[in-house]
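Here are a few exercises to work through with the model open. Try each task yourself before reading its solution.

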Amino acid sequence: MSDANDAAFARARAALPGGVNSPVRAYGSVGGTPRFLVSARGPYVTDVGGREYVDLVASWGPALLGHAHPEVVAAVQAAAAHGLSFGASTPAETELAELVSARLGDASGIEKLRLVSTGTEATMTAIRLARGATGRDLVVKFAGHYHGHSDGLLAEAGSGVATQGLPGSAGVPAPIAAQTLVLPYNDLDAVRAAFAAHPGRIAAVITEAAGANAGVLAPEPGFNRSLRELARAEGALLILDEVLTGFRVGPAGWWGLEGADEGWAPDLFTFGKVVGGGMPLAALGGSAVLMDHLAPLGPVYQAGTLSGNPLAVAAGLATLRLADADAYARIDAASALVGGWVSEALTAEGVAHVIPRASSLFSIAFREGAVREYADAKAQEAWRYPPFFHALLDAGVSAPPSVFEAWFLTAAHDDAALDRIRAALPTAARAAAAA
Ligand code: PMP
């Protein structure tokens, strides 16, 4: 079948490596022609051939309210009318920082934020800050967690690194990779052993608040709290990466569902995606004492020409203000329905599967038994996903183009959109069974 997407992809491949600007978009693990999108509204996206799909990617998370929410678009248009970028501070940046702090509340320990443009920058800066503040070099991360594409954080990373089956990345010097200790997720003994093996040398433990980049890998109850305790006892910082979960799984992110009740907080939070409402914006935050290590007050350097961009800040402010309890209730309900339907359809066809879940985030793993860590996520009949994915796509439903990615619902997924997903699932499950 040759259509407008094939033509767009052929042209793109001549101009862009792989025809894309971010690897998973290339459909590498599911095959076929990626859909080239020209517009998006509510729960729908429209491709270059004019075909509409119910979207379950939500720009990989940011579109919490659905695509192009009219009030968010209006806020961005109003900001644009006043200028696109000043390279100087704006009152709105302070407002956004205050709003994020207020959303999480005093117990989060967030007193100050720095706004950056991508999640990659947020985690990269958090690591540099942790190293600068502790005077130590080593960093602990967990296998299958993705924290963006900075050199030290690609080892056994999730997301596109997992999709492509890579151990890390070429171009990362071995001495830099050696500063990252990669441990199995949900394994506190491994964390204790790492601290014992490297006394006084670990600057930080970085963890996804809930793993969602190797499919969903939820933290076991008490895991994050124990990381908090272990890190503190060893003089290391805990960085809770909420780039994906922040303001998505609830008004105060994953921490709001767990840490707030359990009475713990990380030293640093990283945010991205929803906090920018679909525009390039991310942040890191923590106590004033820690954050003041950043330039211009302290010796840890970080900067950005477009940091705190006025359009992005406007989108973030509008999105967070609209993300009320009702929005989260709708997302939770839609996610419970869709996850349930996926499971029913696969069960009806006798396809072994589990639906790993972390609040409103879920994914499919074609295996039996719990998915606790990356090795479990990899040990599945992943080949069943491409035909499943393509059957959905043929029926006008756009699921994530990799089994290692979470499914994203939005507050705009209404009955019509949900019905279309439900109707497409039996055929997709049959395709998975036949694979
Ligand atoms: N951390 C997490 C947990 C993420 O999911 C991602 C992106 N999926 C990042 C960091 C990197 O964010 P960005 O793609 O904006 O650089």
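**Exercise 1. Work out the strand order of the open sheet of four strands, and say which strands are its edges.**

Step 1. The order is E1-E2-E3-E13, and the pairing is mixed. Strands here are DSSP runs (E) of at least two residues, helices are DSSP runs (H or I) of at least four, and both are numbered from the N terminus. Two strands pair if DSSP finds at least two bridges between them.

Step 2. Strand E1 (37-41) and strand E13 (397-398) are the edges, since each pairs on one side only.

Before going on, a word on what you're looking at: this is a predicted model, where local features need pLDDT of at least 70, side-chain atom pairs count only at pLDDT 80 or more, and totals for chains, interfaces and linings use all residues. Residues are numbered from 1 along each chain as its sequence is written.

**Exercise 2. Follow E2 through its two pairings, and find the glycine with positive phi in each hairpin.**

Step 1. Start with E1 and E2, which run antiparallel over four bridges. Ala 40 sits opposite Val 45 in E2.

Step 2. Two residues lie between the strands of that hairpin, and Gly 42 has a positive phi near 60°.

Step 3. Now take the other partner: strand E2 (residues 44-47) and strand E3 (residues 52-55) are also antiparallel, over three bridges. Val 45 faces Tyr 53 in E3, while Thr 46 has Glu 52 as its bridge partner.

Step 4. The hairpin of E2 and E3 has four residues between the strands, with Gly 50 in the turn at a positive phi of about 90°.

**Exercise 3. Describe the surroundings of Thr 46: is this residue buried, exposed or partly exposed?**

Step 1. Thr 46 belongs to strand E2.

Step 2. Count the neighbours: 17 other C-beta atoms lie within 10 Å of Thr 46, so this residue is partly exposed. (Buried takes 20 or more other C-beta atoms within 10 Å, exposed 12 or fewer, and partly exposed is in between; C-beta atoms are placed from the backbone.)

Step 3. Skipping neighbours within four places in sequence, Thr 46 contacts Leu 37, Val 38, Ser 39, Ala 40, Arg 51 and Glu 52. A contact means that the C-beta atoms, placed from the backbone, lie within 7 Å.

**Exercise 4. Find the residues other than glycine with positive phi, Ala 58 and Asn 186, and compare their burial.**

Step 1. Ala 58 has phi near 55° and lies in the loop between E3 and helix H2 (70-80). Ala 58 is buried because 28 C-beta neighbours fall inside 10 Å.

Step 2. Asn 186 has phi near 60°, in the loop between strand E6 (180-183) and helix H7 (188-197). With 19 other C-beta atoms within 10 Å, Asn 186 is partly exposed.

**Exercise 5. Locate the cis peptide bond that leads into Pro 296.**

The bond joins Ala 295 and Pro 296, with omega about 15°. Pro 296 is in the loop between helix H11 (288-291) and helix H12 (310-322).

**Exercise 6. Place Lys 273 in the fold and list what touches this residue.**

Step 1. The unreviewed UniProt entry lists Lys 273 as "modified residue: N6-(pyridoxal phosphate)lysine". UniProt positions follow the numbering used here, feature names are shortened, and annotations may be inferred rather than shown by experiment.

Step 2. Lys 273 is in the loop between strand E9 (268-271) and strand E10 (282-286), and is buried because 26 C-beta neighbours lie inside 10 Å.

Step 3. Leaving out residues up to four places away in sequence, Lys 273 touches Trp 60, Gly 61, Pro 62, Gly 119, Val 243, Leu 244 and Arg 248.

**Exercise 7. Describe how the chain splits into domains and what makes up the domain 1 side of their contact.**

Step 1. Domain 1 covers 4-65 + 325-434 and domain 2 covers 70-322, with bounds from an automatic or database domain assignment. Their centres, taken over C-alpha atoms, are 25 Å apart.

Step 2. Domain 1 puts 32 residues into the contact and domain 2 puts in 36.

Step 3. On the domain 1 side, the elements giving two or more residues are helix H13 (325-348), strand E11 (357-358), strand E12 (361-362) and helix H14 (374-378). H14 has the largest share, three residues.

Terms used:
Two residues are in contact if their C-beta atoms, placed from the backbone, lie within 7 Å.
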